[in-house]
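Trainee: Got a minute to go through this one with me? I'd like to start with a single side chain.

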Amino acid sequence: MRSIQVWTARRIVQFYVMLLFTLFPCALFFDYSRVLFSKYATYIVLTVAMLFMAAFICISRRQRLPALSISGKLLGIYFLICIVSALCSPYLTAVGNAGGPVLLVGEGRGTGLLLLLLYLLTCFAAAGFARCTRGLVLAVGTVLFLLSAVSVVQLCGVNLLWLYPTSVYSGWYGEFLATIGNIDFLSGYLCIVLCMAGTGAVVLSMRRSWRALLLCAVGIGLTVLLETGVSAGRLAVLAA
């Protein structure tokens, strides 16, 4: 019975992780002017839904949560430091442009305590239940291929999917690519998925055709990463 409970909670978190690597980078409402809202809303909805479902299962079936690792405990300490810092901040009662407390909901990119808490819970859930399976690697490789293909077309000067404002578009601007948006964010995402897809293609057992497609996606993605010109991304891939 216990194995069934663990498997149920694990399936929810595993599906959530797959959506983070596939749906989240592709989610973009309209064009680049809405990219921040698109990513923010997608992450909030996916994460809150996962946490509610996983918590319901764990509470209703009295499932014991996995023990925190050393890194998890350090993340918890970091969040406690953030809380203490917020309580000591002169902006404790400040209100942002959106009408909410600045320290809780943040300003600009919304990196307040609430978003940090969701990041922390995401790490705990993924570390405790998620696994790097063949299905996850193949899904990541598929999205990697699609995003890289969109980037290549944009690098050739085509306003694919009308992501750039058509009134001012005159070619690739060198700042936004694919459906993630900022090339710095894109390079960070590519660093993660390139390692996942490349390692999975070599280590995991799968059909030769799948392995070939993964390696093809890695090759195109690596080309896009180099073309972005983001030095940190290049260095991270070399280090990996």
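Trainee: So, is Tyr-32 buried or exposed?

Mentor: Tyr-32 is buried, at 7% relative accessibility. Buried means under 20% relative accessible area, exposed means over 50%, and partly exposed is in between, using a 1.4 Å probe and protein chains only. Keep in mind that this is a predicted model, where local features need pLDDT of at least 70, side-chain atom pairs count only at pLDDT 80 or more, and totals for chains, interfaces and linings use all residues. Residues are numbered from 1 along each chain as its sequence is written, and side-chain values use heavy atoms, with hydrogens and water left out.

Trainee: Which ring does Tyr-32 pair with?

Mentor: Phe-176, in a stacked pair with 5.0 Å centre to centre and 20 degrees between the planes. Rings of Phe, Tyr and Trp (its six-membered ring) pair if their centres lie within 6.5 Å; planes under 30 degrees apart are stacked, over 60 edge-to-face, and the rest tilted.

Trainee: Where do those two sit in the chain?

Mentor: Tyr-32 is in the loop between α1 (2-26) and α2 (35-60), while Phe-176 is in strand β1 (residues 176-177), so the pair links parts 144 residues apart. Helices (H or I, at least four residues) and strands (E, at least two) are DSSP runs, numbered from the N terminus.

Trainee: How many aromatic pairs are there?

Mentor: The structure holds 3. One of them is Phe-29 with Phe-37, edge-to-face at 6.0 Å centre to centre and 65 degrees between the planes.

Trainee: And how exposed is Phe-29?

Mentor: Phe-29 is partly exposed, at 33% relative accessible area. Phe-37 is partly exposed too, at 44%.
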